[in-house]
Amino acid sequence: MTLLSAAWLVLRKDLQIELRTGEVVVTTALFATLVAVLTSLSFYVDDQSARLVAPGVLWIAVAFAGVLAMSRSWSRERENDAFRALLLAPIPRAAIYIGKTLGTLTFLAIVECALVLEVAVLFNLDLRGIAGALAGLLALGTVGFAATGNLFAAMGVRTGARDLVLAVALFPVIAPALLCGVVATRELIGGAPMHEIWAWVRILAAFDVAFVTAGMFLFEPLVCD
Amino acid sequence: MTQPLSQRTDTQGPVFPWLPLLVVACALCLCATLYEIFGVAPVELQMGIVQKIFYFHVPSAYAMYLGFTVSAVASAVFLATRNERWDAIAIAGAEVGSLFCLVVLVTGPLWARKAWGTFWTWDPRLTTTLLAGMVFFAYLVLRSFGSVGEVEKRFAAGLAVFGLLDLPIIHFSVQRWRGTHPTVITGNGGGLHPDMRPALFISFFLFTLLAALLIWQRARIERLRQRYEALEIEAAERGLLEET
């Protein structure tokens, strides 16, 4: 069985569970909404400053909600020791990692669609014309975030402190991706020329490449006994 | 069949004959450094005595990266070999690095207040130090939960490796972020006065020795702890712990 078809099996398993329960997407979307509402309550002053604050709100909500989604998705594997069964399955170990990461990406993509609309409404932003670029930025940022987060969540789920550990360990590591995402989005909303944003895209892409590669190689030595 | 415990030689723990020498060298170098900094190096005109922080701050930052690098490299080797010896070096590097990181984060703002008029600025170097510190503080938190099992050790090792990978990306992204604003304050302004160089140079030497000494000692303690743990497990297996 090739790596990708095995990863597809893991992904399909996660999607199937999600379709039947809706647990991760609904909880995560609700939490992301709460973060967006609370932060806009805290930071909204006028329409002028809203354009500066909104990108931060958007990305912080994605980061917080993402941690919740990954932690929930992996704690499912802990129940009934399902993770041991996954490890025993005759598939490459990296396939588990890729499958779970793709699952997180799918869930977060849905949550982000809702979140962007909410932030646009709350902060009175006009996103027509930059929607495609914003989607690209979010996709790039989420890939590196999910790649790092799933590796940490896979390890964290087996430690004593679990969710707490995931947030504490993950946020400093993904900080540069968050920074790139926020600043690039702010420049995008502010109408900066494409080559300005392109520089951020390059850093985000470098982050993605470095951490997806490291995740694929480190998953087996880190997670398997 | 294992030997009786009384005849075992591997209960002695590792012996480090060079350690006292390193301690003496460190103490002598500390005296020389203090004399050089406060006795020989000139007092800076504008900042006065506050500038002396510089001789501790810059070598501390260097010792911090030394500790973090040692930790990340040892973590990578630990993940590849699963040899506990490397884990001991990794935690020693992380602890010593975090200690120096605290020194940097305390002395830096004190100096910056006088030099730049502000405690903190989002300079690439400052941000990288802060985030590297957060990564390794998380490492220490991870390792300080009551029962540190195999999983926590590996998680911490993975975090250290990712932390080191992250440093250039943090530096580069913050540089780009603040680089678009021309008012950013970078570095320590102009070059260093030639009379101040010996003090800084010997301070660098001192902090190298100090970092090596601390990492070495901490790794030794960790090795002893691992050995103690192994002996305790062995004693429990032989039923020695149940008698009270």
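This is a short talk on chain A as a whole and on one helix pair in chain B.

A word on the model. It is predicted, so local features need pLDDT of at least 70 and side-chain atom pairs count only at 80 or more, while totals for chains, interfaces and linings use all residues. Residues are numbered from 1 along each chain as its sequence is written, with chains lettered from A and ligands numbered from 1 in the order in which they are written.

Chain A, then. It has eight helices and zero strands. Helices here are DSSP runs of H or I, at least four residues, and strands are E runs of at least two, numbered from the N terminus. The radius of gyration of chain A, taken over C-alpha atoms, is 18 Å, close to the 17 Å that the globule rule gives for 225 residues, so chain A is as compact as a globular protein of that length. That rule is 2.2 Å times the number of residues to the power 0.38. The C-alpha trace spans about 55 × 35 × 30 Å along its principal axes. And 45% of the 225 residues count as buried, meaning 20 or more other C-beta atoms within 10 Å of their own, with C-beta atoms placed from the backbone.

Now chain B. How do helix 3 and helix 4 pack? Helix 3 covers residues 84–115, helix 4 residues 124–143; the angle is about 140°, and the axes lie 9 Å apart. Axes are lines fitted to C-alpha atoms over the stretch in contact, and angles run from 0 to 180 degrees between N-to-C directions. That makes helix 3 of chain B oblique to helix 4 of chain B.

Conventions. Angles under 35 degrees count as roughly parallel, over 145 as roughly antiparallel, 65 to 115 as roughly perpendicular and the rest as oblique. A residue is buried if 20 or more other C-beta atoms lie within 10 Å of its own, exposed if 12 or fewer, and partly exposed in between; C-beta atoms are placed from the backbone.
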